[in-house]
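Student: I'd like a close look at a single helix and the pieces packed around it. Please take me through it in one connected account, with the cut-offs behind each term.

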Amino acid sequence: MKTGKQKIIIMLVVITAIFLVLSIAFFVFRDSLLQQAVNKVSTKMKQEYSSDLSVKKASFEGFSGVSLTEIILVPKNADTLFSIKKMKTSVNVWQLLLGEVQLGTLEIQNGLVQLVQKGNAKNFAAFLKKENKEPTSTDKRDYAAFAYRIISKVLNLVPTDMRIQNLKFKLDDNGKRAIIDIKKLTLFDKEIETSINVQTNTFSQRWKIKGFADPRNKKADIRFFNIDTGAIKVPYFDERYNLKSSFDSIRLKIENIDKSGGELHIDGFTSISNLKINHPKIANKDVLIKNARFDYRLLLGSDFISIDSSSVLKLNKIKLNPYATFDTASDTIYKLKVNIPKMKAQDFISSLPDGLFTHFQGMEAEGTFDYKLDFKFNKNKPDQLVFDSNLKKEKLKITKYGEANLNKLNGEFVYRAIINDVLQRPILVGNANSNYTPLDQISPYLRKCVLTTEDPSFFSHHGFINEAFKQSIVKNIKTEKFARGASTISMQLVKNAFLTREKTVSRKLEEILLVYILENNRIVSKERMLEVYFNIIEWGPNVYGIGEASRYYFQKTPAELNLNECLYLARIIPSPKKFMYQFNDQGKLRDFAQKQETFLTNIMIRRGLLSIDDTIYKSQPMIITGAAKSLLRLRVQDSTAVDTVSVKDEFEF
């Protein structure tokens with residue numbers, strides 16, 4: 001009778017024998033098995049992706065190496081997607097036995113990968129097919145597990161020993177071309193070395209990537225810079241999106257990727273130097289960020305993805321802690337918190353990106369401040385949006401103005417509007433101008449009407465209305481477009497007096513900061529701000545200020561305007577050049593305009609700004625008697641040109 005020890009020995013012998021038999025069988029038939037695998041992949045490419053995959057020769061080298069020559073993938077009736085003259089690779093056998101494909105070595109010689117679009121036809125379109133699986137209410141992805149699985153698979157496909165020579169990536173988007181030619185890329189003993197040539201329709205450069213990469217331990221520290229003199233230019237985007245961008249160098253460091261306790265942690269930092277961006281939607285000149293660094297800590301759980309508040313974003317001397325999360329535990333909730341610790345105001349001003357805040361150049365300030373933003377949006381309960389912005393200052397004072405000298409609003413100055421980059425005629429804001437009208441000489445009806453339509457809380461807010469911002473954000477999210485703004489009279493005044501009408505990120509950011517400085521440093525009184533506003537805003541084609549407007553439409557002074565005329569003037573402020581479309585062929589207000597007027601009147605009565613006695617003569621027709629009559633006669637009678645915005649959308653207070 002065999003002892004337990006003898007049974008174990010016999011079992012090990014049997015297992016070893018089976019393993020040897022399988023190994024011998026594998027070595028005997030492995031080339032044919034490899035060919036079968038190639039044929040299987042080729043069949044799948046043809047059936048599922050309408051593409052022809054061919055491999056001239058596939059064979060094993062050594063115990064775990066595979067050699068492939070002349071690999072070509074050509075989609076049906078399209079340009080070749082990729083072709084590789086020679087490729088060698090090896091896999092980790094032990095990992096393969098555990099069901100994981102982990103590359104050990106990789107060699108590629110003379111390869112081409114190209115993405116081509118001609119008209120609407122793409123040579124990669126077949127590989128963009130989406131799964132038709134219908135999501136169910138029970139489907140819920142574990143973000144941490146999913147991300148860790150994807151990261152692990154990708155890193156397993158990064159070899160620990162890699163040599164690539166002459167591998168080209170070509171992009172041709174209807175003549176917009178970019179070629180990234182990897183002359184050499186090596187990864188040996190965890191060190192990366194490259195030599196890359198870049199060619200586009202507009203420039204050519206030589207790039208270099210150098211650093212440390214350890215895919216098995218999930219760590220990397222890589223630097224990206226230009227071999228030639230000058231900054232690295234980003235290809236393709238300049239022609240495709242009119243986005244010109246460049247930088248001196250980029251560094252990416254991954255210090256830790258770890259999954260424990262059901263959470264995935266990713267830690268590291270990325271930095272960029274002298275990032276230059278030029279796009280007409282951002283600014284009308286180059287925007288330069290000299291130094292930026294993001295020390296990140298990303299956290300993923302089963303039902304959330306977040307940037308941890310311990311992360312630090314540095315922009316020159318500005319340092320802030322961002323916190324952002326996407327949470328699906330109960331509802332779909334987005335959160336954003338930003339904390340700028342106490343810092344010197346001058347450091348903040350000097351750290352603003354060049355080209356993005358041109359009106360702040362030369363500005364000097366004293367004191368310190370800190371800032372906090374708290375934003376929360378529930379997709380299923382949008383009306384419960386949280387938007388809290390809080391800035392605390394200590395002895396904050398502007399000692400020297402930059403290009404935008406806000407103090408000029410207190411005295412006489414010349415205003416010139418800029419429309420479509422064209423400087424308009426000069427308007428003197430002062431008593432020497434016969435059309436200039438002091439605030440107390442403007443009809444009280446007009447003051448009340450304009451404040452109601454444009455900014456009901458003008459005399460109580462400090463430049464911004466948090467509730468208006470919240471309502472604007474909610475509506476824009478619901479409509480999935482920029483359908484509503486939250487502009488105050490203060491913001492309109494700054495935009496008109498100091499900025500342009502260009503729709504750029506730069507202009508909006510400058511507007512916000514200038515309004516804050518204007519309203520929170522007691523530079524100009526509210527009454528003076530409103531007076532200047534009435535005297536510079538556009539009220540028709542080449543009509544600026546209430547003095548010109550009252551004569552242009554009614555041959556009256558601003559003090560003589562009646563309620564109907566004031567209601568009309570207040571309503572056309574958003575689109576003054578289209579005033580003629582308010583009228584029908586008989587010169588009377590159209591139905592939609594009358595409804596807006598009634599709506600506005602009722603609001604003012606409800607708020608106590610008007611009494612019933614004020615509306616006694618409201619039934620009398622409003623008649624254009626001034627020079628504006630000539631445009632009414634010439635108006636193109638096309639009903640499609642009428643701006644029939646609903647009353648509710650036009651006036652939401």
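Tutor: What follows starts from one residue, widens to two helix packings, and ends with a long-range pair.

First, a word on the model: it is predicted, so local features need pLDDT of at least 70 and side-chain atom pairs count only at pLDDT 80 or more, whereas totals for chains, interfaces and linings use all residues. Residues are numbered from 1 along each chain as its sequence is written, and side-chain values use heavy atoms, with hydrogens and water left out.

Our helix is α12, which spans residues 563-571 and holds Glu565. Helices here are DSSP runs of H or I with at least four residues, strands are runs of E with at least two, and both are numbered from the N terminus. Is Glu565 buried or exposed? Its relative accessible area is 7%, so Glu565 counts as buried. The scale calls a residue buried under 20% relative accessible area, exposed over 50% and partly exposed in between, using a 1.4 Å probe and protein chains only. Leaving aside residues up to four places away in sequence, Glu565 touches Phe554, Lys556, Glu560 and Met622; a contact means heavy atoms within 4.5 Å.

Phe554 leads us to a neighbouring helix, α11 (residues 545-554), whose axis lies 12 Å from that of α12 at an angle of about 115 degrees. Axes are lines fitted to C-alpha atoms, for helices over the stretch in contact, and the angles run from 0 to 180 degrees between N-to-C directions. The crossing of α11 and α12 is right-handed, a label used if the near helix is turned clockwise from the far one by less than a right angle, with left-handed for anticlockwise. On the α11 side the contact is made by Ile546, Tyr553 and Phe554, and on the α12 side by Glu565, Tyr568 and Leu569. Sorted by class, these residues are 5 nonpolar, no polar and 1 charged. Here Ala, Val, Leu, Ile, Met, Phe, Trp, Tyr, Cys and Pro are nonpolar, Asp, Glu, Lys and Arg are charged, and the others, Gly among them, are polar.

Now to α6 (residues 444-454), which packs with α12 at about 30 degrees, their axes 9 Å apart. The two helices are therefore roughly parallel, the term for angles under 35 degrees; over 145 is roughly antiparallel, 65 to 115 roughly perpendicular, and the rest oblique. Here, too, the crossing is right-handed. Tyr445, Leu446, Cys449, Val450, Thr453 and Glu454 of α6 meet Leu563, Cys566, Leu567, Leu569 and Ala570 of α12. That contact has 9 nonpolar, 1 polar and 1 charged residues. Leu569 is listed in the contacts with both α6 and α11.

How is α6 itself placed? Its buried residues are Leu446, Cys449, Val450, Leu451, Thr452, Thr453 and Glu454. Their cover includes α12 and α11, along with α8 (489-498), α10 (526-536), β26 (538-540) and α13 (591-606).

Thr452 gives us the long-range pair. Its partner, Arg607, sits in the loop between α13 and α14 (629-634). The two are 155 residues apart in sequence, yet their C-alpha atoms are 9.6 Å apart. Thr452 is buried, while Arg607, at 39% relative accessibility, counts as partly exposed.
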